[in-house]
Amino acid sequence: MLAGKRIVLGVTGGIAAYKAVEVCRRLVDAGAHVVPVMTAGAEHFIGRTTLSALASEPVQTSLWDEASPIPHTRLGQSADLVLVVPATARLLAAYAAGLSTDLLTNTLLATRAPVIVCPAMHTEMWEHPAVQANVATLRARGVHIVEPESGRLAGGDVGAGRLAAPERIVEAVARVLDAGPLAGLHVVVSAGGTREPIDAVRVIANRSSGKQGYAIAAEAAARGARVSLVTTVDLPVPAGAQVHAVETAAQMQEAIEQLAASADIIVMAAAVADFRPVAAAAGKLKKDQGTPQIVLEPTPDILAGLGERKRPGQVLVGFAAETSDLLANAAAKLTRKHLDLIVANDVSAPGVGFQHDTNAVTLLRADGSVRTIPLADKRSIAQAVLDTVDDIRGT
Ligand code: C5P
């Protein structure tokens, strides 16, 4: 998917440099032409031979001893993308300040190609205001930052600062180069349970955690799509997704309907309330006012509305969380709401659906085909859903 793309892979001197080797291998496997550049510090952590053996060209390290008289500009000018894995605090500071002290910093200043930096360092360094200010400066200039993760660090410490997983880094490359299988497509995903106000402090809610919707948004972004995530929950935003925060079914409807006009794929993973109080009390209902009589009215069925107005080529995916007659109920919704695909899950089964990190689903398509995915993490379920959407688009 990265065929013919020329990527300068900068490696700086952090312990995570060894993971740059894996990133390099994956990029080459995906068809990229990888030009490795190491800083002097990086050579303390990995050998040139290792990276040279896996990359498309031998490692370059110096401004002065290359065959080309001007490697400091040539590398940056000819790159489709410059990627730095890992980026140390020093590299971030030099790049933010425009300092060109070695081949990598020269390359960064001499390129007009997109740049991705993947910081990795100890938590104290990562959280230092100077480092955060440099990251903010770079981001404001359009540099893509693949944020470090939390986890085990060198020396046994645990905290934020661990290099993002190699597969996340390669996904970011594909996304920035618009090279994933969903490149150029707009995917709209809804996530979480809606909250319908009873009074100023109380709501009617449901048990949806939003995790499945977020996993679908993350997977769609990783496949290169432009992703709009309409959500009622506040989970870490998947890289590459644009979040639209909403609370009620009415707000979700407004956001989704606006986005639907340009959507190629819509996945309604949200648990939308079916009923809401006719009117929310202005203040807080008091116990001494007696037991309130809450009158409910149906909410608009967002998905059914989308089904009625579906554009040719648009793929519409719904969810059916059921506790009985799973397949019959899901099939009825598929037809009634004019969907291309419905993801049915039996939320009464252990480890399935609401709040869990795992799910087990049956995928029912409008053409009558059925595929069952046994218990798996929600990202794997997201992959199966998007693979099926791919099939639907191809038929
Ligand atoms: O009919 P039911 O609520 O079980 O259908 C579930 C599917 O419909 C989910 O994809 C959910 O996001 C969507 N839905 C909706 N608007 C509603 C209720 C459900 O879009 N008011």
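**Reading a predicted fold, starting from one contact**

Mentor: Let's start small: the side chain of Gln212 comes within 3.1 Å of the backbone oxygen of Lys378. That's a polar contact (N or O atoms within 3.5 Å; within protein, one must be able to donate a hydrogen and the other to accept it, and residues adjacent in sequence count only if both atoms are side-chain atoms). Bear in mind that this is a predicted model, where local features need pLDDT of at least 70 and side-chain atom pairs count only at pLDDT 80 or more, while totals for chains, interfaces and linings use all residues. Residues are numbered from 1 along each chain as its sequence is written, and side-chain values use heavy atoms, leaving out hydrogens and water.

Trainee: Is Gln212 buried or exposed?

Mentor: Buried means under 20% relative accessible area, exposed over 50%, and partly exposed in between, with a 1.4 Å probe and protein chains only. Gln212 is at 8% relative accessibility, so it counts as buried.

Trainee: Which helix holds Gln212?

Mentor: Helices (H or I, at least four residues) and strands (E, at least two) are DSSP runs, numbered from the N terminus. Gln212 sits in helix H9. Eleven of the twelve residues of H9 are buried, so the helix is mostly covered; among them are Tyr214, Ile216 and Glu219. Just after H9, Gly224 takes a positive phi of about 100°.

Trainee: How do I check a helix's length, and what span should H9 have?

Mentor: Multiply 1.5 Å by one less than the number of residues. For H9 (residues 211-222) that gives 16 Å, and its end C-alpha atoms are 16 Å apart, which agrees. Helix H13 (residues 378-394) passes too: its 17 residues should span 24 Å, and the ends are 24 Å apart.

Trainee: Which residues of H13 are buried?

Mentor: An α-helix has 3.6 residues a turn, so residues three or four places apart point the same way. In H13 the buried set includes Lys378, our contact partner, along with Ile381, Val385, Thr388 and Ile392.

Trainee: Now the sheet. What is the strand order?

Mentor: Two strands pair if DSSP finds at least two bridges between them. Here five strands form an open sheet in the order E2-E1-E3-E4-E5, with parallel pairing. E2 and strand E5 (144-145) are the edge strands, each pairing on one side only. Strand E1 (residues 6-11) shares six bridges with E2, and Leu9 has Pro36 in E2 as its bridge partner. Strands E3 (residues 81-87) and E4 (residues 115-119) are joined by four bridges, with Ala87 opposite Pro119.

Trainee: How many residues of E2 are buried?

Mentor: Five of the six in strand E2 (residues 33-38).

Trainee: What unit do E1, helix H1 and E2 make?

Mentor: A crossover is right-handed if, with the strands pointing away from the viewer, the path from the first strand over the helix to the second runs clockwise. E1, H1 (residues 17-29) and E2 form a right-handed β-α-β unit.

Trainee: And the ligand: which residues come nearest?

Mentor: Near means a heavy atom within 4 Å. Of the 14 residues around the ligand, Met268, Ala270, Phe319, Lys333 and Lys337 come nearest. Ligand oxygen atoms lie 2.6 Å from a polar backbone atom of Ala270 and 2.8 Å from one of Phe319. The protein buries 90% of the 450 Å² that the ligand exposes when taken alone, by the Shrake-Rupley method with a 1.4 Å probe.
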